[in-house]
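Hi,

Here is the structure I promised to send over. Have a look at it first, then read my notes below.

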Amino acid sequence: MDKIRIKGGHPISGTIAISGAKNAALPLMAASLLAQGKTVLNLIPHLADIDSMILLFKDLGVDVERLNDQRLVIDCGHIRSYKADYDLVRKMRASILVLGPLVARFGQACVSLPGGCAIGARPVDLHIKGLQALGANIEIKDGYIYATTPKRLIGTKVALPLVSVGATENIMMAACLAEGTTVIENAAREPEIVDLACFLQKMGAEISGAGTSTLTIKGVPSLKPCQYQVMTDRIEAGTYMIAALITGGTLTLTNAPAQTLEALMTTLRQAGADISIHQHNLTIKPSKTLTGVDVMTEPYPGFPTDLQAQFMALMTVANGASMITETIFENRFMHVPELARMGANITIHGSSALVRGVNKLSGAPVMATDLRASVSLVLAGLVAKGETIVNRIYHLDRGYENLVEKLNRCGAVIDRIKN
Ligand code: UD1
């Protein structure tokens with residue numbers, strides 16, 4: 001299995017172009033199942049999770065072609081299966097997003113239950129309850145969710161008991177083809193939901209309230225395929241902002257979705273960052289000594305759980321202490337023991353981690369069990385004294401396009417060791 005080797009201590013300075021957002025691209029792909037014909041998605045990143053979705057689509061009988069570096073053509077004209085197999089879903093949980101579109105358009109869908117994952121139990125009960133409310137019959141059998149409906153789904157009110165990005169997306173997509181109006185209360189407000197709603201609108205859906213906690217969807221009999229460019233990746237942008245700050249570099253991010261990064265920018269400014277925005281470019285550099293700041297992860301517009309591990313890596317070398325509280329996932333501190341092996345001083349108290357800044361980290365062999373935890377170890381490696389080897393980097397390949405190349409061009413001494 002490939003590894004990443006980093007020699008720490010080099011500032012990350014220069015320019016990085018932000019890629020298309022994985023967490024927006026995956027639901028857009030799923031939504032393309034709602035229309036007959038060719039959808040063209042632009043700025044689709046080259047990532048293992050996108051490849052997993054392509055594999056799933058091919059299994060369903062969908063024609064998928066990458067036109068050039070960034071365009072993906074999806075032709076949903078000849079679907080021959082409605083089943084997302086266990087082997088595909090266990091590799092990528094977002095496969096659950098095909099459930100709503102398939103049952104809404106074809107009246108049947110069968111998707112493996114994803115099961116737990118490294119960051120917690122992660123149930124899909126809200127996806128299921130939402131689709132049931134829309135009139136789908138759901139049966140759980142042999143580890144699979146079977147959803148059927150003899151006729152169109154029926155619009156209704158769905159009040160989500162907790163904010164879920166995926167459940168909001170699944171219900172919103174299904175409701176587009178339902179008869180009548182659906183209102184989703186306590187909907188997720190993440191920018192990826194807004195991107196999905198814009199795409200669906202371009203396909204002919206009638207949606208209002210995207211970006212607020214109440215979504216109203218007036219069902220239409222059919223949707224048409226269209227061309228659409230996915231938003232850029234706020235989590236990738238946030239990760240590189242932290243890379244600059246942790247190494248004391250000056251970094252400009254092109255096509256950075258700055259308007260979606262308010263919570264991170266506020267926190268990083270408190271920690272000592274100077275951040276400026278010029279049109280689509282964002283520049284970050286240190287303005288004063290890096291200082292400990294407390295954060296709590298929350299649904300958007302709060303501080304994103306997908307940047308918690310990276311922010312913790314930054315806090316390990318800050319002046320003073322930082323209390324980092326995770327409220328979205330119950331088991332999202334797996335990076336802590338690995339950061340500790342590099343010399344970080346972190347104590348976990350329930351869902352909070354107390355990080356006491358140290359003068360320096362030391363390079364070490366490390367590994368992590370999820371995507372964001374893995375990249376937090378890369379960030380720590382960039383500032384650590386000596387050599388860090390990050391193992392199990394298939395996690396990074398799932399979510400960071402050209403990570404090694406992008407960091408290399410900005411002064412990092414980092415390479416990929418092929419095994
Ligand atoms: C999405 C993102 C992921 C991010 C997360 C939270 C994608 C592909 N993934 O994941 O990167 O970390 O949002 O911002 O976009 N829950 C339930 N029942 C459900 C669904 C969720 O209890 O049916 C719980 C989860 O276990 C979790 C919380 O709700 O504790 C939020 O999860 P959710 O927003 O659904 O995350 P995902 O959509 O899976």
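Before the notes, one term: a polar contact is a pair of N or O atoms within 3.5 Å. Also keep in mind that this is a predicted model.

Let's start with the ligand. Which residues have a polar side-chain atom close enough to one of its oxygen atoms to fit that cut-off? N23 is one of them, with a polar side-chain atom 3.0 Å from a ligand oxygen. S164 is another, and there the distance from the side chain to an oxygen of the ligand is 2.6 Å. G166 joins in through its backbone: a polar atom there sits 2.8 Å from a ligand oxygen. As for how covered the ligand is, on its own it has 740 Å² of accessible area, and the protein covers 84% of that.

Now zoom out to everything around the ligand. There are 18 residues in this shell, and D125, L126, S164, D306 and I328 come nearest. By type, the shell splits into 9 nonpolar, 5 polar and 4 charged residues. Two helices, α5 (125-133) and α6 (165-176), supply at least two shell residues each. The largest share is from α5, with 3 residues.

Where does the ligand lie relative to the domains? Domain 1 (3-18 + 232-417) and domain 2 (22-229) both contribute residues to the shell, so the ligand lies between them.

Next, have a look at the second largest pocket, which has a volume of about 220 Å³. Its lining includes I18, L43, Q229, V230, M231 and T232, and also N255, A256, P257, Q259, Q279 and H280. What kinds of residues are these? The lining has 6 nonpolar and 6 polar residues, and no charged ones.

One of those lining residues, L43, has something else to show you. Its phi is near 70 degrees, which is a positive value in a residue other than glycine. You'll find L43 in the loop between β3 (38-42) and α2 (48-60).

Last, a backbone detail in another loop. The peptide bond from Y300 to P301 is cis, with omega near 10 degrees. To find P301, go to the loop between β18 (295-296) and α10 (308-315).

Enjoy exploring!

Methods. Residues numbered from 1 in each chain as written. Predicted model: local features only at pLDDT ≥ 70, side-chain atom pairs only at ≥ 80, totals over all residues. Heavy atoms only, no water. 1 Å grid on protein atoms, 1.4 Å probe; cavity = no way out; pocket = protein on both sides within 12 Å on 5 of 7 lines; lining within 4 Å. Points joined across faces, edges and corners; volume = space filled by probe spheres on them. Nonpolar A, V, L, I, M, F, W, Y, C, P; charged D, E, K, R; others polar. Near = heavy atom within 4 Å. Polar contact = N/O pair within 3.5 Å; in protein donor to acceptor, adjacent residues only side chain to side chain. Areas by Shrake-Rupley, 256 points an atom, 1.4 Å probe, with all protein chains shown as cover. Helix = DSSP H or I, 4+ residues; strand = E, 2+ residues; numbered from the N terminus. Domains from an automatic or database assignment.
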